[in-house]
Amino acid sequence: MRILLCGVTTIALSGALSGCSWMGLGNSQKNSTYSYASNTDACCKGGQRLSRWNFEGGIGADRVVSGDVITGSKAHTGFLNPTTALVDVKTKDAYALGYRAELGGSYALNPNRKLTLTGNYAQADGNEVSWGTQDTETLRGTVSDYKSYGAEAGVRQYTSPVRVPLLKSVRPYLEGKVGIAYQDAISLNNINEVGVSFNPNTPTSLALYESGWVPTGAGMIGLETPVFSRFTMGIETGIRYAGTPKSDNSDKAAGTFNSRYVGANNGGERWSVPLTIRGRYRF
């Protein structure tokens, strides 16, 4: 999280890159940072007026790459009748490929830098996982679906346009974001023991994490290209972070069978790599 915050600060304090044209590839080409209504106030080139406000949206895949949803190595293991041994389960193994959608806007500080503010929603289906053993039986269960919504503010810094085949130009950018998200509670459901015997005390479900707010952040890199006079499309990727939710031990009271699972829910942070298709309309 500290790295993401430092990235945002670096972008915010860096000097604006030179240049006025979005396209930068000839006087006859229109760009997506300026409107073309004649205006003698604060114009940059040829009477073009800086389009300050933009409406933005995006949707794409979100693949988890790091974090632990079950921390079996931290659990209170070594119990008898039956002997229980739990293992760590990676978040990337606990969830299928998810998706993330964003909607919001941006404000241009200058031709090369924008402040952004977006709302978001993310979801991923939970997988069935092996999370330990009881005596000789394998413990399995299905992690509940991941769902979250939140908001993020960021700073986006553009570089000079670049010519590419099939397109007039693309414009690379870097962006740092910080924010907050509300995550739904996470549980382990449909618990079963794979083997000959089954202990009747084994729960059919187990609470892992409470619902609540967690900090978020992201470092993104992307490309934009103009489609119409006021509309651009782009693609971006990077690394996203969602903080650690509060462990839920409501069903793991001391002295009960479930107390052996205390400590198995001391993870929950989430690192993912998104691939997002974005659109931006300038006013």
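Over which residues does pLDDT stay under 50 in this model? Hi everyone, let's start there. The answer is residues 1–47, and for that stretch the model still has 107 contacts beyond four places in sequence. Here pLDDT is the predictor's confidence in each residue, from 0 to 100, and contact means heavy atoms within 4.5 Å. Across the protein the average pLDDT is 84, and 81% of the residues score at least 70.

Some housekeeping before the tour. This is a predicted model, in which local features need pLDDT of at least 70 and side-chain atom pairs count only at pLDDT 80 or more, while totals for chains, interfaces and linings use all residues. Residues are numbered from 1 along each chain as its sequence is written, and side-chain values use heavy atoms, with hydrogens and water left out.

Now to the strands. Strands (E, at least two residues) and helices (H or I, at least four) are DSSP runs, numbered from the N terminus, and two strands pair if DSSP finds at least two bridges between them. One open sheet has 5 strands in the order β5-β9-β10-β14-β15, paired antiparallel. At its edges stand β5 (84–86) and β15 (206–209), each with a single partner strand, so one side of each is left without a neighbour in the sheet. On average, neighbouring strands here are turned by 35 degrees against each other, direction ignored; the axes behind that angle are lines fitted to C-alpha atoms, for helices over the stretch in contact, and angles run from 0 to 180 degrees between N-to-C directions. At one edge, β14 (residues 186–194) and β15 run antiparallel and are joined by 3 bridges. Ile-186 has Tyr-209 in β15 as its bridge partner.

Next, β7, β8 and β11. β7 and β8 are antiparallel, with 11 bridges, and a hairpin of 2 residues joins them. Across that pair, Glu-102 faces Asn-120 in β8. On to β11 (residues 146–158): 12 bridges join this strand to β8, again antiparallel, and Tyr-121 sits opposite Tyr-149 in β11.

Let's stop at Asn-112, in the loop between β7 (98–110) and β8 (113–124). Is Asn-112 buried or exposed? Asn-112 is buried, at a relative accessible area of 3%. The cut-offs are under 20% relative accessible area for buried, over 50% for exposed and partly exposed in between, with a 1.4 Å probe and protein chains only. Asn-112 lies 8.2 Å from Arg-156, C-alpha to C-alpha, with their positions 44 residues apart in sequence.

Now the charges. Side chains of opposite charge can pair when their charged atoms come close. Our rule for a salt bridge is a side-chain nitrogen of Lys or Arg within 4 Å of a carboxyl oxygen of Asp or Glu, and the count comes to 15. Take Arg-270 and Asp-62, whose closest N and O atoms are 3.8 Å apart. Arg-270 is in β18 (residues 270–282) and Asp-62 in β3 (residues 53–66), so this salt bridge ties together parts that are 208 residues apart in sequence. Both Arg-270 and Asp-62 are buried.

A second salt bridge brings Lys-177 and Glu-102 together at 3.4 Å, N to O. Lys-177 belongs to β13 (residues 167–183) and Glu-102 to β7, 75 residues apart. Both of these are buried too.

Then there is Arg-280 with Glu-224, at 2.9 Å between the closest N and O atoms. That links β18 to β16 (residues 212–226) across 56 residues, and both partners are buried. Through shared partners, salt bridges join Glu-56, Arg-156, Glu-175, Glu-224, Glu-236, Arg-278 and Arg-280 into one network.

What about the nonpolar side? A nonpolar core is a set of buried Ala, Val, Leu, Ile, Met, Phe, Trp, Tyr and Cys residues joined through side-chain atoms within 4.5 Å. The largest has 24 residues, and those touching the most other members are Val-69, Ile-70, Tyr-95, Trp-131, Val-143 and Leu-188. Elements giving two or more residues to this core include β4 (68–71), β9 (128–134) and β10 (137–143).

Last stop, backbone angles. Most residues other than glycine have a negative phi. Asp-135, in the loop between β9 and β10, has a positive phi near 55 degrees, and is partly exposed at 49% relative accessibility. Leu-166 has a positive phi of about 75 degrees and counts as exposed, at 89%. Thanks, everyone!
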